[in-house]
Amino acid sequence: QFSYYTEINLLTALDRTKEARVVLEARGGVPAGEVLRLSYWIAEMHLGVAEGKLEIDDTELHDRMRKGLVMTAGRDLLLLCAWAYAQRGEHDEARFAWRHAMEREGSQRLEVAMPKLATWMADYRQAHPDVDEPEPEEET
C-alpha cells in the first residue's frame, strides 16, 4: 500500500494531478496503521497544494499538526499544515506550524519532492517576512 502513496506524490510532483487524484481516490479513505495513515496524509495534502484546495475539517487539520509536532521528521507534514492554515486565512496557526517545521527534519530537496509547496513557501515568505522569526517569548 505504501507504494500507492509514493506514486501519488510522484505524480503530484510531476504536475499530473488528475492521475494522482484517481490513484488517491481508488485507495479509499484514511488507512489503518500509523505509517500508512501518515503516508496518506502527506499524499493527500501534497495533492491539495497542487490543486489549490484541501477538503478536511478543522479537527482533522489540527490532529495532523499535532502529529507533526511530535515527530522528529515532521517538517513536511507541518509545512503542509502551514499551507492549509494559510489557505483558510489562519495565519497565526500557519506561522506556528511553519516555525516548528523549521526545527525538524524533512525532505532534503523540497523543490524536487514537492515543488508546489516549495513555490508556496517562497511566496508566503515574501508576503509574510516575519514567518522565519522565532516565536515571541511569552511574558510571565
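Me: What volume does the largest pocket have?
Reply: About 170 Å³. Bear in mind that this is a predicted model.

Me: Which residues line the largest pocket, and which elements give two or more of them?
Reply: The lining is made of Phe2, Tyr5, Thr6, Asn9, Val35, Leu38, Ser39 and Ile42. Helix H1 (2-13) and helix H3 (34-51) are the elements that give two or more residues.

Me: What makes up the lining of the largest pocket by class?
Reply: Five nonpolar, three polar and no charged residues. Tyr counts as nonpolar here, and Tyr5 is one of the lining residues.

Me: OK, on to the helix pairs. Why are H5 and H6 called roughly antiparallel?
Reply: Helix H5 (residues 75-87) and helix H6 (residues 91-101) pack at about 165°, with their axes 8 Å apart. The cut-off for roughly antiparallel is over 145 degrees, so H5 and H6 get that label.

Me: What is the hand of the H5 and H6 crossing, and which residues make the contact?
Reply: The crossing is left-handed. H5 brings Arg75, Leu78, Leu79, Cys81, Ala82, Tyr85 and Ala86, while H6 brings His91, Glu93, Ala94, Ala97, Trp98, His100 and Ala101. Sorted by class, this contact has 10 nonpolar, two polar and two charged residues.

Me: What makes H5 oblique to H8?
Reply: The axes of H5 and helix H8 (residues 115-127) cross at roughly 60° and come within 11 Å. Under 35 would be roughly parallel, and roughly perpendicular runs from 65 to 115. The H5 and H8 angle is in neither range, nor is it over 145, so H5 is oblique to H8.

Me: And which hand does the H5 and H8 crossing have, and which residues touch?
Reply: H5 passes H8 in a left-handed crossing. From H5 come Leu79, Leu80, Ala82, Trp83, Ala86 and Gln87, and from H8 come Leu117, Trp120, Met121 and Tyr124. The split by class is nine nonpolar, one polar and no charged.

Key. Residues are numbered from 1 along each chain as its sequence is written. This is a predicted model: local features need pLDDT of at least 70, side-chain atom pairs count only at pLDDT 80 or more; totals for chains, interfaces and linings use all residues. Side-chain values use heavy atoms; hydrogens and water are left out. On a 1 Å grid over the protein atoms alone, a cavity is a set of points where a 1.4 Å probe fits but cannot get out, and a pocket is an open set with protein on both sides within 12 Å along at least five of seven lines; lining residues have an atom within 4 Å of a point. Grid points are joined across faces, edges and corners, and a volume is the space filled by probe spheres set on the points. Helices (H or I, at least four residues) and strands (E, at least two) are DSSP runs, numbered from the N terminus. Axes are lines fitted to C-alpha atoms, for helices over the stretch in contact, and angles run from 0 to 180 degrees between N-to-C directions. A crossing is left-handed if the near helix is turned anticlockwise from the far one by less than a right angle, and right-handed if clockwise. Contact means heavy atoms within 4.5 Å.
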